[in-house]
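This report is a short guide for a reader meeting the structure for the first time. Please keep the sequence and the model side by side while reading.

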Amino acid sequence: MSTRTALALVGVIIILGLGVFLLRRPAEAPTTSGAPPSSALPPANVPPANPTLLPPPGVPPAGSAPAPSLPPPGNQPVANPAAPPPIPPTTSGTTPAGALTIRIMASGFSPATVSVAQGTRVTFRNESADDSWPASAMHPTHKLYPGSDILKCSTTEKNAIFDACGGVAPGASWSFTMSERGSWKYHDHLSPSRTGTIIVE
Ligand SMILES: [Cu+2]
């Protein structure tokens, strides 16, 4: 009996040993594969977290992300146009030494109101079908702009005043340099309802 018992115990031990051995292998295999699963689990957990984030912001960002990416291309072109903005200062800087053209049209002066730098040469170009006589306000004396006076049109000073001192024919132009700072209203002496303002800064 004791021998049988001993053998039985040995057998049990062997069986248990084999069982443990076999279990370890599967366990190891599972452990080996378990590592991936375990790593897979964390990712799985991470994805859930992302999904959680994605649902609210995720979906909009996903859709908005492409959209923003598209706008950026548009923005870049805009950025290029933005580069011109710096140019405007340059333009304004050029304006002092440059010139501005105001068109005289059937509907009036264009632009009717404009700001220019001191010393800008303003040219009135008659694109209408009738003669036009640009001159400083106020009609009919034309004395608003410093030194201007319609009475000077019959003198040698006529070339130094803000007054065309006569009709400018269609297609022709008349120029005057704005050397005085201020807001200067002017008009068409032949059609006083046509008015404009030049702001000299
Ligand atoms: Cu007038």
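## A starting point: β1 and β4

A convenient place to enter this predicted model is the pair formed by Ala 99 and Arg 121, since Arg 121 in β4 is the bridge partner of Ala 99. The two strands involved, β1 and β4, run parallel to each other and are joined over six bridges.

On its other side β4 has a further partner, for β4 and β6 pair in the antiparallel sense, again over six bridges. Within that pairing, Phe 124 has Trp 174 in β6 as its bridge partner.

## The open sheet

Taken together, four strands make up an open sheet, in which the order is β2-β1-β4-β6 and the pairing is mixed. Because β2 (108-110) and β6 stand at the edges with a single partner strand each, one side of each is left without a neighbour in the sheet. Neighbouring strands of this sheet are turned against each other by 25 degrees on average, when direction is ignored.

At the β2 edge, the pairing of β1 with β2 is antiparallel and extends over three bridges. Here Arg 103 is found opposite Ser 110 in β2.

## Two faces of β4 and the nonpolar core

Which residues of β4 lie on its covered face, and which on its uncovered one? The covered face holds Thr 120, Val 122, Phe 124 and Asn 126, whereas Arg 121, Thr 123 and Arg 125 belong to the uncovered face.

The largest nonpolar core has 19 residues, and those that touch the most other members are Val 122, Phe 124, Phe 162 and Ile 198. Two or more residues of this core come from each of β1 (99-105), β4 (120-126), β6 (173-178) and β7 (182-188), and β6 gives the most, with three residues. Leaving aside residues up to four places away in sequence, Phe 124 touches Ile 102, Ile 104, Pro 134, Val 168, Ser 173 and Trp 174.

## The chain as a whole

Seen over its full length, the protein chain contains four helices and eight strands, and its elements follow one another from the N terminus as α-α-α-α-β-β-β-β-β-β-β-β. Of the 201 residues in the protein chain, 16% are buried. Among the contacts in the protein chain with a separation of 6 or more, 52% are accounted for by residues 24 or more positions apart.

Definitions and conventions:
Residues numbered from 1 in each chain as written. Predicted model: local features only at pLDDT ≥ 70, side-chain atom pairs only at ≥ 80, totals over all residues. Core = buried A, V, L, I, M, F, W, Y, C linked by C-beta atoms within 7 Å. Buried ≥ 20, exposed ≤ 12 C-beta atoms within 10 Å, placed from the backbone. Contact = placed C-beta atoms within 7 Å. Pairing = 2+ DSSP bridges. Axes fitted to C-alpha atoms, helices over the stretch in contact; angles between N-to-C directions.
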